[in-house]
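Open the model in your viewer and keep the selection panel at hand. The tour goes stop by stop.

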Amino acid sequence: MARVAVIEDDLPTSNQLKAWIESARPGIAVDQWFTRDDAEAAIARERYDLVVLDIELGRERHAGVAIINAINKKHATPVLVVSAMPATIYRSIMKALDAWDYLQKATFEESDFIDTFLEILRSVHERRRGEEAVPAATLELSMDPLRQRSPMWRGQRINLPLTAQRILAALLARRGEVV
């Protein structure tokens, strides 16, 4: 069963996101966290398939950034950021932190959220199927099939700038050739 964390300090918004997730995928386990400390503790002890995250949690303006960093250190869990912060500024910042996507509150519909959410879950499922098919020990270098295509070296994520990721993807596509 898929497991999702909703990290949102506003109770009505958190409940709405949870309801949308449960309507899109009945039977899914959804944990709700309202503070940075609770969310970081849960991420440390649980393995989530997806995290839906607000940037601002209570008085902490950039708590979401710290949580994404904690997620990146622990697991390669996809993060969908849902925040009221301006998308023109924060979308590129969240992408640089390896967030899957950024939805600005009040500018998207339920269907946009559900479509993005289901796309992420499908990619997670495909990635897991691929990992089961090929033993991890046989893979030295690989690119994550999620949209961000995060590079992995011997099963560990390596953080590269976007340009370096693109170069690496081009080289991997032509593996075995002199480029």
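A β-α-β crossover counts as right-handed if, with the strands pointing away from the viewer, the path from the first strand over the helix to the second runs clockwise. Keep that view in mind for the first stops. Note also that this is a predicted model.

**Stop 1: the crossovers around β4**

Select strand β3 (residues 50-53), helix α3 (residues 63-74) and β4. Together β3, α3 and β4 form a right-handed β-α-β unit. Now add helix α4 (residues 87-96) and β5. The chain leaves β4, passes through α4 and arrives at β5, and this crossover is right-handed.

**Stop 2: the neighbours of β4**

Show the backbone of β3 and β4. The two strands pair in the parallel sense, over three bridges. Pick Val-51: its bridge partner in β4 is Val-79. Turn to strand β5 (residues 101-104), which runs parallel to β4 and is joined to it by four bridges. Pick Leu-80 here; Asp-101 is its bridge partner in β5.

**Stop 3: the two faces of β4**

Select residues 79-83 and show side chains. In a regular strand the side chains alternate between the two faces of the sheet. Which residues of β4 point one way, and which the other? Val-79, Val-81 and Ser-83 take one side, and Leu-80 and Val-82 the other. Are they buried or exposed? All are buried, so five of the five residues in β4 fall under 20% relative accessible area.

**Stop 4: the nonpolar cores**

Select Ile-7 and Met-94. In the largest nonpolar core, of 24 residues, these two touch the most other members. Colour the elements that give two or more residues to this core: β1 (3-7), α2 (36-45), β3, α3, β4 and α4. The biggest contribution, four residues, comes from α3.

Zoom in on Met-94. Leaving aside residues up to four places away in sequence, Met-94 touches Ile-55, Val-65, Ile-68, Val-81, Ala-99 and Tyr-102. Then select Val-4, Ile-28, Val-30 and Val-124. They are among the 21 residues of a second, separate core.

**Stop 5: salt bridges**

The model has eight salt bridges. Start with Arg-3 and Asp-31, whose closest N and O atoms are 2.8 Å apart. Arg-3 lies in strand β1 and Asp-31 in strand β2 (residues 29-33), so this pair ties together parts that are 28 residues apart in sequence. Arg-3 is partly exposed, at 27% relative accessibility. Asp-31 is buried, at 17%. Add Arg-45 and Glu-46: with Arg-3 and Asp-31, they are linked in a network of salt bridges.

Move to Glu-40 and Arg-36, a salt bridge at 3.2 Å, N to O. Both are in helix α2, four residues apart, and about one helical turn separates them. Glu-40 is partly exposed, with a relative accessible area of 24%. Arg-36 is partly exposed as well, at 26%.

**Last stop: Asp-54 and Lys-105**

Select this pair and check the closest N and O atoms, 3.2 Å apart in a salt bridge. Where do the two residues lie? Asp-54 is in the loop between β3 and α3, and Lys-105 in the loop between β5 and α5 (110-133). The pair therefore ties together parts that are 51 residues apart in sequence. Asp-54 is buried, at 4% relative accessibility, whereas Lys-105 is partly exposed, with a relative accessible area of 21%.

Key
Residues numbered from 1 in each chain as written. Predicted model: local features only at pLDDT ≥ 70, side-chain atom pairs only at ≥ 80, totals over all residues. Heavy atoms only, no water. Buried < 20%, exposed > 50% of the residue type's maximum accessible area, 1.4 Å probe, protein only. Pairing = 2+ DSSP bridges. Core = buried A, V, L, I, M, F, W, Y, C linked by side-chain atoms within 4.5 Å. Contact = heavy atoms within 4.5 Å. Salt bridge = Lys/Arg side-chain N within 4 Å of Asp/Glu carboxyl O.
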